[in-house]
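Thanks for making the time this morning. I would like to walk through one model with you, going from a few backbone details to a sheet and then to the packing of the interior.

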Amino acid sequence: MLTKRYMYLEVRLAMLFILVKCKVQIKTWKSMCFILLKGSSALSLEELTLTPTLPMAVGSWQPNSEGIQSYRTMGCTSSKPSGKIKARNTSHIANKKAAPQRIDSISETCVTTFGGVSVRYAYLSQRGYYPDDAYKANQDSYSVTHNFSGRKSDAFFGVYDGHGRDGDKCSQFARDHLPPMTAKIVDKVMMDRENAASNDANNDGDDNVAVDLSKDVLQNAITKAHVECNKKMHACQDLDDSLSGTTSISLYLHGNTNKITVSNVGDSRAVIGRSTASADKEGSSSTTSSSTLKAFALSRDQTPYRRDERIRCKKQGARVLSLDQIEGLEPINEDEDEGDEDGGMELGEEIDEGGDPPRIWSPHGDYPGTAFTRSLGDAIAEELGVYAEPEMLSRELTKEDKIIVLASDGVFEFLTNQSVIDICAKFSDPLEACRAVVAESYELWLQYEMRTDDITMICIFVDDVGTPKSSSKDLEVAASMSSAGEQDDALISNTARPVRSSMSTEKSRAIEMAKKKMGLRSVRDVTQFEEEDFDLESLYTEKTDEEKASISEAIRASVMFQNITDDQRELIYKVMEPMPVKEGQWVIKQGTVGDRFYIVDEGRFEVRIVPENQKDEDGTGGNCVHVYEGSRENHSHPSFGELALMYSAPRAASIISQTDGLLWALHRYAFKKVIAEQRQSL
């Protein structure tokens, strides 16, 4: 359940949405926005007197077919089958009797070659869990386009993360329009250059000269496509993007020259895993990691955490505040960004830990509240500097480049770039990598939040990078670009927003309320005496190397185990209790107090939640919101119940086994003693 302040923000934005939909005259609705949104009291719908102008045009919007490619797959709506990829109908279901599809993915990994670049890729999108809206549509979309701009050597990959009331429509609009618009503009520029080259007296009569666009020319064309797509979205009569929009992260692959151009609008992200001789892995604590890849960012999140973005929006009149600051719970430092535009504080580690990021607000009221500084759509926020021009990076792929990930921000809320690459590197199939990363992200959301975000990911395994098929003109362009290593180092120095490692304020409050209802005392009161008498050695069991590997894989990405030593890891192996389970067995019951963290070694387990203020009438445990699947063969070992290692609290969900299986269980007291004993020995 959302806290009152989030519900209040939703009500205010909904009322503003009604004003915009009714097309109240500009002077009237601006003043009404000020009255409606500036203070802590909201007007009721009955108090509003709307004077609509002409009604919106009636009729369904039809996508522009110009530039549609011959091989294309699109996610989270209906699409036509093409090539090896089977299209899926995941149209959002209005009928409340059936929930929308939970997971949408490619049926099997696609193996293909673009020019000199051989790749295998897969994609997966999982609808989020919202306790107050069990049937909320997946607002993420994705697209993969072969034969991009009519060239077999080119491809376009994109992930779009919608937000707001019409967020699903906005992301689908970007998915349907941005690739063909980009192709059309790039194709025109390319044709002009090829015509000029074929007429060049110095080409020795060769009419088939392959001309590659320079970095600046290509990036200008892509920027133009984003801006034009944004304008079309504003004009579209089938959606309202006043308070809705979408992020976009895309990769344009030009296989003949082995080059990629990454374009980013918002806070979705692109990451590349590169083979290095030795690398200090960001976010990775395991010295026995199977991954030899180091993660490099191909994009920078455009959020108010970034000082340059914050200053840019403030110059457009925006206020940058968290919800706590809006409500007066946190101080506001008006001078924090003044006098030093080249450096200074990056906002947010303390704010971010509570799930309360800095947001963009109008000077006239508490709207629109976007947690990003660029997007497609968001017409009202656009007046405050939230525009659609992308930041881009162009580089040449090398044989050291092994894995590329495009993903919505739901992946990176709790996982570092390195953690994502580490997980992917454990698999030989990018589809399995997608499943593992999305599952891990979803599980962390369930642990630390009352809800989960929609999570979408495209994973590309780069199998081979051949010699570029470039003309002399191409080589001149390539030589003028900075090297791949220099580009990566520049991006690495600009860190992304901090990764969260604790519960949101919202979930902390919910747990405290649940404790009070159950009559629980503080954690110390409950465990003080029992913990002192806890016999750690009584749990010792020797584990095989295979069992240790399974446990190690499971805890690698967990925040609780990131700073443990090798000795502590060995002790944790010893005190992990094997727990065989039978089909239908309830491992955890929602509302009961938990004291163990679990790792799935083998088996399938459903996560079920009974919404607040409702009863489990049929005894099934409520709605199924997630499924944990463990398999030694697939190196898949999800975990759950991590928060029980920190304190005693009621379980937020029930876990029910759907098959016979095996769990590893770690008791909170055992974990605390392992950490404490090792500290004492130092």
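Let me begin with a definition, since I will lean on it throughout: a residue is called buried when its relative accessible area is under 20%, exposed when that value is over 50%, and partly exposed in between. Please also keep in mind that what you see is a predicted model.

With that in hand, consider the loop between β5, residues 140-146, and β6, residues 154-163, where N147 is found. N147 has a positive phi of about 50°, although it is not a glycine. Is N147 buried, partly exposed or exposed? Its relative accessibility is 22%, and therefore N147 counts as partly exposed. The loop between β5 and β6 also holds S149, another non-glycine residue with a positive phi, here about 60°. S149, however, is buried, because its relative accessible area is 6%, which falls under the 20% cut-off.

Next, the sheet. Three strands, in the order β11-β12-β13, make up an open sheet with antiparallel pairing. Its edge strands are β11, residues 319-321, and β13, each of which pairs on one side only, and from one strand to the next the twist averages 40°. As a reminder, strands of a sheet pair through backbone hydrogen bonds, in either a parallel or an antiparallel arrangement.

How are these pairings built up, bridge by bridge? Between β11 and β12 there are three bridges, in the antiparallel sense, and L321 stands opposite R359 in β12. Three bridges likewise join β12, residues 359-362, to β13, again antiparallel, and these two strands form a hairpin with two residues between them. Across that hairpin, I360 has T370 as its bridge partner in β13, while W361 stands opposite P368.

P368 deserves a second look, as it lies in strand β13, residues 365-370, and is joined to Y367 by a cis peptide bond, with omega about 0°.

As for β12, both of its faces are covered: R359 and W361 on one side, and I360 and S362 on the other, are all buried. The general background here is that side chains in a regular strand alternate between the two faces of the sheet.

Let me turn to the interior. Which residues touch the most other members of the largest nonpolar core? That core has 81 residues, and the two in question are F157 and V587. Helix α11, residues 430-448, gives the most to this core, contributing eleven residues. Apart from it lies another core, of 25 residues, among them A174, V217, L239 and A388. If we set aside neighbours within four places in sequence, V587 is in contact with M579, V581, Y598, F605, F640, I655 and L663. In soluble globular proteins, nonpolar side chains tend to be buried together.

Finally, I would point you to V262, whose place is in strand β8, residues 259-265. V262 is buried, with a relative accessible area of 1%. Not counting residues up to four places away in sequence, V262 touches I249, S250, L251, A270, L298, E391, M392 and L393. Its C-alpha atom is separated by 9.5 Å from that of F157, although V262 and F157 are 105 residues apart along the chain.

That is where I will stop, and I am happy to go back to any part of the model.

Conventions:
Residues numbered from 1 in each chain as written. Predicted model: local features only at pLDDT ≥ 70, side-chain atom pairs only at ≥ 80, totals over all residues. Heavy atoms only, no water. Helix = DSSP H or I, 4+ residues; strand = E, 2+ residues; numbered from the N terminus. Buried < 20%, exposed > 50% of the residue type's maximum accessible area, 1.4 Å probe, protein only. Pairing = 2+ DSSP bridges. Axes fitted to C-alpha atoms, helices over the stretch in contact; angles between N-to-C directions. Core = buried A, V, L, I, M, F, W, Y, C linked by side-chain atoms within 4.5 Å. Contact = heavy atoms within 4.5 Å.
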